[in-house]
Amino acid sequence: VDQVRYWNNGEEESSSKVKVAGNETSTRLRGLKSNLAYYTAVRAYNSAGAGPFSTTVNATTKKTPPSQPPGNVVWNATDTKVLLNWEQVKAMENESEVTGYKVFYRTSSQNNVQVLNTNKTSAELLLPIKEDYI
């Protein structure tokens with residue numbers, strides 16, 4: 001069994017611990033706060049006791065995602081396609097930079113939603129014959 005210890009802001013005395021099965025070489029730390037430097041160290045232990053901690057490593061968590069949705073979404077349809085345009089989202093000081101947009105859509109005859117990833121503020125969807133996009 002391994003033990004992962006982690007803390008933020010250099011406050012090692014208030015560290016949290018997570019146990020990981022001995023055959024696992026990674027784990028996900030949950031509940032971390034955004035935009036903070038976290039430090040972590042790992043050690044192995046068994047029924048005879050605990051070994052020494054590894055070298056401490058650190059990483060800074062990302063800022064929160066943008067809180068505002070894209071504004072002024074406009075669409076224009078022709079016989080063969082739908083053209084979407086929207087205003088760029090500007091991240092606040094405490095938010096992560098916007099790197100792209102996801103357009104979620106489906107046709108009127110489909111149940112499953114499709115996703116288009118783009119770093120532009122527009123998208124073009126081909127319109128199947130006798131279908132509507134939602």
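Let's start with Trp7, which counts as buried because its relative accessibility is 6%, below the 20% cut-off. Keep in mind as you look around that this is a predicted model.

Trp7 is also a good way into the aromatic contacts. A search of the whole structure turns up two aromatic pairs. In one of them, the ring centres of Trp7 and Tyr39 are 6.2 Å apart and the planes meet at 20°, so this pair is stacked; the cut-off for stacking is an angle under 30 degrees. The contact links distant parts of the chain, with Trp7 in strand β1 (residues 2–8) and Tyr39 in strand β3 (residues 37–46), 32 residues apart. Tyr39 has a relative accessibility of 25% and therefore counts as partly exposed, whereas Trp7 is buried.

What geometry do the rings of Trp86 and Tyr101 adopt? Their centres lie 5.6 Å apart with the planes at 65°, so this pair is edge-to-face. Trp86 sits in the loop between β7 (81–85) and β8 (101–105), while Tyr101 belongs to strand β8, so the contact ties together parts that are 15 residues apart in sequence. Both Trp86 and Tyr101 are buried.

Tyr101 also leads us to the largest pocket, since Tyr101 is among the residues nearest the pocket's centre, along with Pro65, Pro66, Val98 and Gly100. The volume of this pocket is about 340 Å³, and 19 residues line it. Sorted by class, the lining is made up of 10 nonpolar, five polar and four charged residues.

Now follow β7 to its neighbour. Strand β6 (residues 74–77) runs antiparallel to β7, and four bridges join the two. One position to look at is Val74, whose bridge partner in β7 is Asn85. The connection from β6 to β7 is a hairpin through three residues.

Another ring contact is worth a visit, this time with a charged side chain. Arg5 lies over the face of Phe53, at 4.1 Å from the ring centre.

Finally, turn to the loop between β2 (16–20) and β3, where you will find Leu36. Is Leu36 buried or exposed? With a relative accessible area of 18%, Leu36 is buried. Measuring along the chain, Leu36 and Ser14 are 22 residues apart, and their C-alpha atoms are separated by 15 Å.

Conventions
Residues numbered from 1 in each chain as written. Predicted model: local features only at pLDDT ≥ 70, side-chain atom pairs only at ≥ 80, totals over all residues. Heavy atoms only, no water. Phe/Tyr/Trp six-rings, centres within 6.5 Å; stacked < 30°, edge-to-face > 60°. Buried < 20%, exposed > 50% of the residue type's maximum accessible area, 1.4 Å probe, protein only. Lys NZ or Arg CZ within 6 Å of the ring centre and 35° of its normal. 1 Å grid on protein atoms, 1.4 Å probe; cavity = no way out; pocket = protein on both sides within 12 Å on 5 of 7 lines; lining within 4 Å. Points joined across faces, edges and corners; volume = space filled by probe spheres on them. Nonpolar A, V, L, I, M, F, W, Y, C, P; charged D, E, K, R; others polar. Pairing = 2+ DSSP bridges.
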